[in-house]
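Reader: Please show me the model, and then I will ask about its fold and its core.

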Amino acid sequence: DIATFADFLRQPQTGIVRLLPRETYDGYLPIFGGGAYYSFTRLDHAYGYGSDIGLEQGYISVGFAGIDFGFMTNLGDVPIDGVTVDTPAVQYLASFTAPVTVADARVQQQRAWGFSVGTYNYGDRMKATIGNTYAVRSICYDTSDVLVAFRLIRLDSDASVILVWKLLKTFPVPHAGN
(Lines give C-alpha, C1' and ligand atoms only; values in the text may rest on other atoms or scores of the structure.)
Protein backbone atom coordinates (compact mmCIF):
# COMPACT_ATOMS: atom_id res chain seq x y z
CA ASP A 1 0.00 0.00 0.00
CA ILE A 2 2.80 2.40 0.88
CA ALA A 3 4.55 1.69 -2.43
CA THR A 4 1.31 2.06 -4.38
CA PHE A 5 0.60 5.46 -2.84
CA ALA A 6 4.24 6.65 -2.56
CA ASP A 7 3.73 9.71 -4.77
CA PHE A 8 0.59 10.71 -2.86
CA LEU A 9 2.30 10.21 0.51
CA ARG A 10 5.17 12.51 -0.48
CA GLN A 11 2.71 15.40 -0.52
CA PRO A 12 2.43 17.48 2.66
CA GLN A 13 -0.29 16.71 5.21
CA THR A 14 -1.07 13.23 3.88
CA GLY A 15 -0.85 9.81 5.45
CA ILE A 16 -1.83 6.17 5.44
CA VAL A 17 -3.41 4.40 8.40
CA ARG A 18 -5.08 1.15 9.38
CA LEU A 19 -8.25 1.15 11.48
CA LEU A 20 -9.01 -2.02 13.39
CA PRO A 21 -12.66 -2.96 13.95
CA ARG A 22 -13.64 -1.84 17.47
CA GLU A 23 -15.88 -4.86 18.07
CA THR A 24 -12.93 -7.20 17.55
CA TYR A 25 -9.96 -5.50 19.21
CA ASP A 26 -11.20 -3.04 21.87
CA GLY A 27 -10.12 -4.41 25.24
CA TYR A 28 -7.62 -6.83 23.68
CA LEU A 29 -4.89 -4.42 22.64
CA PRO A 30 -2.91 -2.14 24.97
CA ILE A 31 -4.25 1.00 23.26
CA PHE A 32 -7.52 2.51 24.51
CA GLY A 33 -10.08 1.94 21.72
CA GLY A 34 -8.31 -1.10 20.28
CA GLY A 35 -6.88 0.75 17.26
CA ALA A 36 -10.35 1.58 15.95
CA TYR A 37 -9.91 5.36 16.19
CA TYR A 38 -7.59 7.90 14.61
CA SER A 39 -6.74 11.55 15.14
CA PHE A 40 -5.54 13.47 12.09
CA THR A 41 -4.03 16.17 14.32
CA ARG A 42 -2.24 13.95 16.85
CA LEU A 43 -1.51 11.23 14.27
CA ASP A 44 -2.36 8.43 16.68
CA HIS A 45 -4.97 5.78 17.45
CA ALA A 46 -5.56 6.45 21.16
CA TYR A 47 -9.23 7.06 21.89
CA GLY A 48 -10.27 9.86 24.20
CA TYR A 49 -8.01 12.74 23.18
CA GLY A 50 -9.92 14.10 20.20
CA SER A 51 -10.37 11.16 17.85
CA ASP A 52 -11.58 12.18 14.39
CA ILE A 53 -12.77 8.89 12.87
CA GLY A 54 -13.50 5.36 14.00
CA LEU A 55 -14.38 1.96 12.57
CA GLU A 56 -17.07 -0.25 14.05
CA GLN A 57 -19.22 -2.99 12.49
CA GLY A 58 -18.33 -1.95 8.95
CA TYR A 59 -19.09 1.74 9.45
CA ILE A 60 -16.83 4.79 9.63
CA SER A 61 -17.98 7.35 12.18
CA VAL A 62 -17.08 10.78 13.57
CA GLY A 63 -17.88 12.55 16.87
CA PHE A 64 -17.37 10.38 19.93
CA ALA A 65 -17.30 12.13 23.30
CA GLY A 66 -18.82 15.05 25.14
CA ILE A 67 -20.02 17.68 22.69
CA ASP A 68 -17.59 16.66 19.94
CA PHE A 69 -19.32 15.98 16.64
CA GLY A 70 -18.75 15.93 12.93
CA PHE A 71 -20.22 15.37 9.51
CA MET A 72 -18.99 13.28 6.63
CA THR A 73 -20.03 12.60 3.08
CA ASN A 74 -19.25 9.75 0.72
CA LEU A 75 -17.86 11.24 -2.49
CA GLY A 76 -17.93 7.88 -4.27
CA ASP A 77 -15.18 6.27 -6.31
CA VAL A 78 -13.22 9.43 -7.07
CA PRO A 79 -9.45 9.93 -6.81
CA ILE A 80 -8.44 11.56 -3.55
CA ASP A 81 -5.89 13.75 -5.34
CA GLY A 82 -8.66 15.82 -6.89
CA VAL A 83 -10.60 16.49 -3.68
CA THR A 84 -10.27 20.07 -2.39
CA VAL A 85 -12.28 22.51 -0.29
CA ASP A 86 -13.82 23.60 -3.62
CA THR A 87 -15.19 20.13 -4.44
CA PRO A 88 -18.99 20.67 -4.49
CA ALA A 89 -19.88 18.18 -1.73
CA VAL A 90 -16.98 19.43 0.42
CA GLN A 91 -17.93 23.11 0.20
CA TYR A 92 -20.59 22.78 2.92
CA LEU A 93 -18.12 21.13 5.29
CA ALA A 94 -15.55 23.85 4.59
CA SER A 95 -18.01 26.69 5.22
CA PHE A 96 -19.64 25.28 8.38
CA THR A 97 -19.03 27.32 11.54
CA ALA A 98 -18.58 25.41 14.81
CA PRO A 99 -21.17 26.36 17.45
CA VAL A 100 -19.93 28.34 20.45
CA THR A 101 -22.48 27.12 23.01
CA VAL A 102 -23.03 23.64 24.40
CA ALA A 103 -26.74 23.82 23.51
CA ASP A 104 -25.98 24.62 19.87
CA ALA A 105 -23.34 21.87 19.72
CA ARG A 106 -25.95 19.38 20.99
CA VAL A 107 -28.33 20.49 18.22
CA GLN A 108 -25.61 19.78 15.64
CA GLN A 109 -24.88 16.39 17.22
CA GLN A 110 -28.51 15.40 16.67
CA ARG A 111 -28.49 16.83 13.16
CA ALA A 112 -25.41 14.72 12.39
CA TRP A 113 -27.54 11.58 12.43
CA GLY A 114 -28.22 12.46 8.79
CA PHE A 115 -29.20 15.42 6.63
CA SER A 116 -28.93 16.71 3.08
CA VAL A 117 -27.73 19.97 1.61
CA GLY A 118 -28.81 20.17 -2.01
CA THR A 119 -28.06 16.77 -3.56
CA TYR A 120 -25.36 15.84 -1.01
CA ASN A 121 -25.93 13.65 2.05
CA TYR A 122 -24.06 14.11 5.33
CA GLY A 123 -23.99 12.23 8.59
CA ASP A 124 -21.84 11.08 11.46
CA ARG A 125 -21.80 7.42 10.36
CA MET A 126 -21.45 5.87 6.91
CA LYS A 127 -20.87 2.42 5.48
CA ALA A 128 -17.15 1.80 4.95
CA THR A 129 -16.99 1.15 1.21
CA ILE A 130 -13.61 0.12 -0.15
CA GLY A 131 -12.66 2.20 -3.18
CA ASN A 132 -14.69 5.22 -2.07
CA THR A 133 -13.41 8.62 -1.01
CA TYR A 134 -14.98 10.53 1.86
CA ALA A 135 -14.71 14.02 3.31
CA VAL A 136 -15.07 14.53 7.06
CA ARG A 137 -15.28 17.63 9.23
CA SER A 138 -14.39 16.65 12.78
CA ILE A 139 -15.00 19.18 15.56
CA CYS A 140 -13.36 18.26 18.88
CA TYR A 141 -13.95 21.04 21.41
CA ASP A 142 -10.85 22.41 23.10
CA THR A 143 -8.72 20.14 20.88
CA SER A 144 -9.11 20.51 17.09
CA ASP A 145 -11.34 21.24 14.13
CA VAL A 146 -10.26 19.67 10.83
CA LEU A 147 -11.51 18.93 7.34
CA VAL A 148 -9.97 15.78 5.86
CA ALA A 149 -10.46 13.72 2.71
CA PHE A 150 -9.77 9.99 2.99
CA ARG A 151 -10.02 7.02 0.67
CA LEU A 152 -10.60 3.46 1.83
CA ILE A 153 -8.09 1.49 -0.21
CA ARG A 154 -8.26 -2.01 1.22
CA LEU A 155 -10.13 -4.34 3.56
CA ASP A 156 -7.68 -6.71 5.23
CA SER A 157 -8.33 -10.31 6.30
CA ASP A 158 -8.75 -9.20 9.95
CA ALA A 159 -11.62 -6.84 8.92
CA SER A 160 -9.41 -3.78 9.35
CA VAL A 161 -9.44 -1.06 6.71
CA ILE A 162 -6.46 0.76 5.26
CA LEU A 163 -7.02 4.32 4.19
CA VAL A 164 -5.01 7.17 2.75
CA TRP A 165 -5.86 10.69 3.85
CA LYS A 166 -5.05 14.33 3.27
CA LEU A 167 -5.74 17.32 5.44
CA LEU A 168 -7.78 19.86 3.48
CA LYS A 169 -8.14 22.58 6.11
CA THR A 170 -7.69 23.31 9.78
CA PHE A 171 -9.97 25.70 11.64
CA PRO A 172 -9.45 27.57 14.93
CA VAL A 173 -9.77 25.26 17.93
CA PRO A 174 -13.42 25.57 19.05
CA HIS A 175 -14.50 26.30 22.63
CA ALA A 176 -18.09 26.20 23.88
CA GLY A 177 -19.60 28.04 26.78
CA ASN A 178 -22.94 27.47 28.44
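Reader: Among contacts between residues at least 6 apart in sequence, what percentage join residues at least 24 apart?

Author: This is a predicted model, in which local features need pLDDT of at least 70, side-chain atom pairs count only at pLDDT 80 or more, and totals for chains, interfaces and linings use all residues. Residues are numbered from 1 along each chain as its sequence is written, and side-chain values use heavy atoms, with hydrogens and water left out. A contact means heavy atoms within 4.5 Å. Among contacts between residues at least 6 apart, the share joining residues at least 24 apart is 61%.

Reader: Why does the radius of gyration agree with a compact globule?

Author: The radius is taken over C-alpha atoms, and the globule rule is 2.2 Å times the number of residues to the power 0.38. For 178 residues the rule gives a value near 16 Å, so the protein agrees with it at 15 Å.

Reader: Which element gives the most to the largest nonpolar core?

Author: A nonpolar core is a set of buried Ala, Val, Leu, Ile, Met, Phe, Trp, Tyr and Cys residues joined through side-chain atoms within 4.5 Å; buried means under 20% relative accessible area with a 1.4 Å probe, protein chains only. The largest one has 27 residues. Helices (H or I, at least four residues) and strands (E, at least two) are DSSP runs, numbered from the N terminus. Five residues of this core come from the element that gives the most, H3.

Reader: How many residues are in the other core, with Tyr38 and Leu163 among them?

Author: This core lies apart from the largest one. Tyr134 and Leu152 are also among its residues, which number 21.

Note on methods. Buried means under 20% relative accessible area, exposed over 50%, partly exposed in between (1.4 Å probe, protein chains only).
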